[in-house]
Amino acid sequence: MSYNISAYCRIASNTIWRNQEVLFSEDGVDSLEFFKSAYKFLEVKYPKFYKMDALSKLAFLAAEVLLGSPLSEVKNQDVALLFSSRSGSLDTDIKHQNSISDVDNYYPSPAVFVYTLSNICLGEVSIRHGLQSEHSFFISEEYPTDLLFASAEYLLQTDASTKVVCGWIELVGEDYECMLYVIEKEGNIT
């Protein structure tokens with residue numbers, strides 16, 4: 001059986017692409033300012049975005065580009081999420097460790113601690129889009145092509161999902177890149 005990538009989103013170098021089109025770009029700002037500007041550009045109304053860690057913001061923005069608003073015609077229970085990364089939640093882990101290590105200003109924030117699991121970004125996307133589906137976050141030195149394909153193929157063949165959002169989401173400090181794509185039984189990149 002063949003599968004198709006029906007859409008993809010890439011976010012890197014302060015630019016967001018949907019398929020081959022540049023949707024948004026902004027030079028001269030740090031990653032968090034870029035994420036805020038992109039959020040405003042996409043006209044999203046979800047105040048919890050501002051409380052998320054950087055990894056979750058990155059995943060949230062890419063999912064928003066791919067899935068649209070939660071009021072779209074997506075059958076939410078049928079969309080699975082399979083993300084991968086080299087560093088997982090390392091960026092947030094470092095911030096949390098710094099708050100613990102500072103003996104003069106010791107205050108480990110529960111708001112930071114909750115994001116010390118990389119799969120929290122899956123939860124943020126799922127909550128936003130009402131997904132009640134399969135999801136996994138894999139940590140790997142390189143993009144685990146075979147593992148993600150086998151997982152997506154299983155979900156599609158067993159009709160556990162009609163769409164699978166797969167991809168790589170990497171963020172540490174100002175270095176970030178996200179490439180998510182939607183795999184379906186039918187469809188071509190538009």
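A residue counts as buried here when its relative accessible area is under 20%. Keep that cut-off at hand for this tour of a predicted model.

**Stop 1: the whole chain**

Start with everything shown as a cartoon. You should find six helices and seven strands, and walking along the sequence gives the order β-β-β-α-α-β-α-α-α-β-α-β-β. Of the 190 residues, 46% are buried. Switch on a surface and you are looking at about 9,900 Å² of exposed area, with carbon and sulfur atoms supplying 52% of it. Among contacts with a separation of 6 or more, 63% join residues 24 or more positions apart.

**Stop 2: strand β7**

Now select residues 175-184, which make up strand β7. Seven of its 10 residues fall under the 20% cut-off and count as buried, so β7 is largely enclosed by the rest of the structure.

Which strand does β7 meet through eight bridges? Select residues 4-12: this is β1, and it runs antiparallel to β7. To see one of the contacts in this pairing, show C9 together with its bridge partner in β7, L180.

**Stop 3: strand β6 and the hairpin**

Next, add residues 163-172, strand β6. Eight of its 10 residues are buried, so β6 too is largely enclosed by the rest of the structure. β6 and β7 run antiparallel and are joined by 10 bridges. Show E170 and you will find its bridge partner in β7, E177.

The two strands form a hairpin with two residues between them. Zoom in on the turn and pick G173, which has a positive phi of about 65 degrees.

**Stop 4: C166 and its two partners**

Stay on β6 and select C166. Is C166 buried or exposed? At 0% relative accessibility, it counts as buried. Looking towards β7, C166 stands opposite Y181. Now bring in strand β4, residues 79-85, which pairs with β6 in the parallel sense over six bridges. In that pairing, L82 stands opposite C166.

While you have these strands on screen, switch on their side chains. In a regular strand the side chains alternate between the two faces of the sheet.

**Stop 5: the cysteines**

How many disulfides does the count come to? The count is zero. Select C121 as an example: it is in no disulfide, and the nearest cysteine sulfur, that of C178, is 8.7 Å away. C121 is buried, with a relative accessible area of 1%.

**Stop 6: the aromatic rings**

Colour the aromatic residues next; the structure holds 13 aromatic pairs. Begin with Y46 and F60. Their ring centres are 5.4 Å apart and their planes lie at 25 degrees, so the pair is stacked. Y46 is in the loop between α1 (31-41) and α2 (54-67), while F60 is in helix α2, so the pair ties together parts that are 14 residues apart in sequence. Both Y46 and F60 are buried.

Then select F24, F34, F35, F41 and Y176 together, a cluster linked by ring pairs. Y176 brings you back to β7, the strand of residues 175-184.

**Last stop: a charge over a ring**

Finish with K57 and F49. Where does the charged end of K57 sit? It is placed over the ring of F49, 5.5 Å from the ring's centre.

Notes: Residues numbered from 1 in each chain as written. Predicted model: local features only at pLDDT ≥ 70, side-chain atom pairs only at ≥ 80, totals over all residues. Heavy atoms only, no water. Helix = DSSP H or I, 4+ residues; strand = E, 2+ residues; numbered from the N terminus. Buried < 20%, exposed > 50% of the residue type's maximum accessible area, 1.4 Å probe, protein only. Contact = heavy atoms within 4.5 Å. Areas by Shrake-Rupley, 256 points an atom, 1.4 Å probe, with all protein chains shown as cover. Pairing = 2+ DSSP bridges. Phe/Tyr/Trp six-rings, centres within 6.5 Å; stacked < 30°, edge-to-face > 60°. Lys NZ or Arg CZ within 6 Å of the ring centre and 35° of its normal. Disulfide = S-S within 2.5 Å.
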